[in-house]
Amino acid sequence: MKTIKNMVVLATLVFVAPFVSADEDDAPPAPAAPPSVEEIAAGVCAGCHGADGNSIIPMNPILAGQKAEYITKQLLDFKANGEQPPHRNSPVMSAMVAALTQEDAQKLGEYYANQKLVPSQIPGDENLLEMGKILYHGGNIENQVPACAGCHGPTGTGIPPRYPALAGQHQEYTMNQLGLFNNGERGNDNGVMQKVVSRMNPQEKRAVSEYIATLR
Ligand code: HEC
Ligand code: HEC
């Protein structure tokens, strides 16, 4: 009986051991060919943006259906340029793009642009939504906020190559970007968005971000 038990233990150890040692030394063997864009998306990006670019984490942007040129530009903007800090400051994304080539950035743009958008869940506050809707389509003459629709399109689908799609994006992400444009942390927009948000009050930022999440 004891021998049988020992044999089972031994067999288990022999079976498990290769996996344990692989775990301890988790550097995979160097790949023969550079990874394809599908492999990069699945292996590096999916954990935060979803396998098809439909992030379900509200602080991580949905990429599915976004304009390809815009995605490519953002990926290159996250990259540090020699001594120069990146145009768009995000420690997380800077680490992600460090190893990407320009060609990777282009292909990733096309890959996500071709995915089907699954919009964010519609948030609830009717009054905020109404305020956001008015601001989005008509701007605010009093504090001279321009209509978002003028550059991002009446349904928020964006205008390539320069103006990104906003429709269905997570409210939290949009809200956060407006804040980053406002405090200058994000400065890769030639000052265009910085000027827009400098005129908006906090309630307008919240309202328009909620409304954008409901755009289809
Ligand atoms: C650890 C989580 C994480 C991983 C992994 C990750 N991202 Fe991101 N990504 C983020 C966050 C957070 C932001 C928002 C950054 C900010 O604050 O501006 C972002 C922003 C972006 C943006 C800007 C989108 C926009 O609408 O402006 C793009 C494009 C992007 N990521 C692509 C990628 C790609 C491609 C990969 C894989 C190579 C990747 N990300 C991997 C978390 C991640
Ligand atoms: C004059 C044109 C213009 C107007 C008006 C404008 N935008 Fe933009 N917006 C841009 C440009 C250009 C960018 C892309 C900057 C870049 O390349 O990173 C942008 C980017 C953004 C982003 C970042 C998207 C992302 O995925 O990270 C948000 C959010 C945004 N705009 C919201 C708004 C809102 C809300 C309004 C209205 C209050 C508005 N914009 C009005 C030109 C405009």
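This is a quick tour of a predicted model, taking in a ligand site, two nonpolar cores and one helix.

## Around ligand 2

Ligand 2 has 22 residues around it, and the ones that come nearest are Pro146, Cys148, Cys151, Gln177 and Asp189. Three elements each give two or more residues to this shell: α7 (149–152), α8 (171–182) and α9 (192–198).

As for chemistry, the shell around ligand 2 breaks down into 14 nonpolar residues, 5 polar ones and 3 charged ones.

## The nonpolar cores

The largest nonpolar core holds 15 residues, and the members touching the most others are Leu63, Ala64, Ile71, Leu75, Leu108 and Tyr112. Helices α3 (68–77) and α5 (102–113) are the elements that put in two or more residues, with α5 giving the largest share, at 5 residues.

Take Ile71 as a way in. Leaving aside residues up to four places away in sequence, Ile71 touches Leu63, Gln66, Leu108, Gly109, Tyr112 and Ala113. Apart from the largest core there's another one, of 13 residues, including Ala165, Leu166, Val208 and Ile212.

## Helix α10

Helix α10 covers residues 202–214, and its length checks out: at 1.5 Å a residue, its 13 residues should span 18 Å, and the end C-alpha atoms sit 19 Å apart, which agrees.

Which residues of α10 are buried? They are Glu204, Lys205, Ala207, Val208, Ser209, Glu210, Tyr211, Ile212 and Ala213. Among the elements covering these buried residues are α6 (126–138), α8 and α9. Helices α8 and α9 also turn up in the shell around ligand 2.

Definitions and conventions:
Residues numbered from 1 in each chain as written. Chains lettered and ligands numbered in written order. Predicted model: local features only at pLDDT ≥ 70, side-chain atom pairs only at ≥ 80, totals over all residues. Near = placed C-beta within 6 Å. Helix = DSSP H or I, 4+ residues; strand = E, 2+ residues; numbered from the N terminus. Nonpolar A, V, L, I, M, F, W, Y, C, P; charged D, E, K, R; others polar. Core = buried A, V, L, I, M, F, W, Y, C linked by C-beta atoms within 7 Å. Buried ≥ 20, exposed ≤ 12 C-beta atoms within 10 Å, placed from the backbone. Contact = placed C-beta atoms within 7 Å. Expected span 1.5 Å × (residues − 1).
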